[in-house]
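Me: I am new to this structure. Please walk me through the terms used for it.

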Amino acid sequence: MTKNNRNPGKQPFPRENRQEIPAEVSLLAQVLDQVSDGIYITDTERNIVFWNQAAEKITGYSQDEVLGKRCADDILKHTDMAGNELCGKELCPLHRAMQTGEPLQSPLTVKALQKDGRRLVMEVSITPLRSPSGDIIGGIEIFRDVSARAELEEKKARFFSSLSHELKTPLSNMQGYLDLLLAEDAGPLNDTQREFLTTAYREEQKLSSFIDELLEMGRFEGTEYSYRQEILDLSGLLSNLARGIKAAAAKKALRLETDLAPNLALFGDKDRLMQAFSNLVGNAVKYTEAGEVNLKASFDRHSDQVVVEVADTGPGIPEEEQEKIFEMFYRLDHHQGEGTAGTGVGLYIVKRVISNHDGRITIQSAPGAGSTFRVYLPGFIKHPEEGQS
Amino acid sequence: MAEPKKILVAEDDPGLNRLISFKLSREGYLPFSVFDGKAALQAALEEDVDAVILDIMMPFLDGIQVLKKIRAAGLHLPVIILSVKSREDDLHQALELGANDYMTKPFQPDELIAHLKQALGET
């Protein structure tokens with residue numbers, strides 16, 4: 001069976017036959033051939049009907065080799081950054097775009113197979129293709145090779161990871177031994193000794209906090225391409241997070257309540273999202289002196305979003321400050337000078353991570369009435385039997 | 001008085017290892033110190049310890065590998081992971097693999113004891 005009678009009416013556009021197609025289409029095809037991004041167009045069955053020159057150059061496949069083939073199944077074998085296959089029908093971003101009729105909100109970073117077997121890191125934009133009457137007749141994928149940048153960012157991440165270890169180890173020693181001395185675990189202290197050690201301890205805490213945030217910023221800034229998008233078990237991630245923070249809450253005699261719907265899933269970067277949610281829950285515990293911290297997660301079927309809620313009974317945030325707390329280096333006045341040193345990058349990072357996942361964050365708070373942060377992220381329910389990655 | 005519980009301290013930094021061991025002794029536990037992953041695995045399998053405090057970045061075998069092998073050997077004793085905050089991925093992986101809890105450096109010795117008591121079911 002030839003590709004042409006498999007798809008009557010949606011014939012591929014090989015370059016040499018373009019005189020047979022309408023003039024405006026041919027003109028457009030010439031333009032698309034000249035852009036430096038790889039572009040291909042499929043019909044609704046994801047069979048490739050157009051493949052530009054940049055796509056040939058990036059992937060190594062000529063148009064003759066790909067026209068009529070199923071896009072990623074046969075050719076590029078897209079995976080997420082962790083290597084999970086994306087070509088299954090439900091997960092295929094192109095299929096999803098054609099189903100929903102909506103373009104992908106922001107470019108996806110995927111790995112794709114080149115003809116010579118090498119895996120490229122590609123940034124991919126996807127949009128459904130509509131006929132003049134509005135029917136979805138196919139999909140367009142535009143991609144560029146970001147392997148070099150991704151590799152650089154990988155290196156940067158490794159550097160920050162080892163820098164972090166190198167800086168934290170001596171700090172942990174200093175803080176730990178000062179702690180032991182102040183707890184008189186190593187014998188009684190006189191008042192002057194206690195005063196001096198307390199000063200050293202306080203300054204060490206500040207230093208530690210600043211270094212923390214510096215490192216957080218350092219590994220965060222300019223690393224969009226190193227986002228490892230994969231299918232994430234959000235319910236599991238949040239329950240692990242709650243487990244880790246339980247002791248810190250218990251130490252302050254705070255109740256930590258969790259209400260997590262099972263099987264919540266999304267496409268995202270595990271490390272970054274863990275960083276964001278741990279900042280949110282960590283803040284709630286840090287700034288709440290009595291009462292409870294609530295972590296909830298649910299799925300909103302109307303908007304296909306997961307909703308994560310972090311609520312505390314802390315001091316609350318005045319309305320005029322609620323926008324500003326997400327700005328870089330912003331700190332609430334009443335937290336200055338207390339034991340909670342910081343430069344104010346935590347919530348900035350939270351907001352950036354969430355918006356890089358096409359999500360949004362809201363806050364509901366008033367002085368004396370606690371704070372509730374809500375995070376909305378595009379997601380889905382993934383039942384365990386639907387194919388494990 | 002009951003026998004003191006034996007706690008394996010697997011941490012390659014000598015200062016931190018001594019710090020943790022010192023605090024454990026003060027709290028009535030019996031610390032057993034090792035300074036690399038291989039020794040940690042051997043001690044976990046052979047020393048009949050009640051809990052493990054496990055650093056992630058260690059020579060020869062990292063904490064994740066040690067944890068994996070401990071669980072694969074059918075040992076269900078409490079394991080508390082020590083790591084730096086910038087490695088959430090590791091922490092998440094460790095919890096998936098059956099770690100009971102984690103602490104990020106720098107930590108307060110009291111806090112570590114609180115986590116340990118909780119993991120041992122003493123609170």
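Reply: Here are some short questions and answers about the two chains.

Reply: This is a predicted model, where local features need pLDDT of at least 70, side-chain atom pairs count only at pLDDT 80 or more, and totals for chains, interfaces and linings use all residues. Residues are numbered from 1 along each chain as its sequence is written, chains are lettered from A and ligands numbered from 1 in the order in which they are written, and side-chain values use heavy atoms, with hydrogens and water left out.

Me: What makes A:Asp185 and B:Arg26 a salt bridge?

Reply: The rule asks for a side-chain nitrogen of Lys or Arg within 4 Å of a carboxyl oxygen of Asp or Glu. Here the N to O distance is 3.1 Å. The pair therefore meets the rule. The count between chain B and chain A is two salt bridges.

Me: How many residues does each chain bring to the contact?

Reply: Chain B brings 30 and chain A brings 36. Contact means heavy atoms within 4.5 Å.

Me: How much area do chain B and chain A bury between them?

Reply: About 3,200 Å², with 53% of it on carbon and sulfur atoms. Buried area is the accessible area (1.4 Å probe) that two parts lose on being put together, summed over both.

Me: Which residues does B:Leu54 touch?

Reply: Among them are B:Ala10, B:Val66 and B:Ile81, not counting residues up to four places away in sequence.
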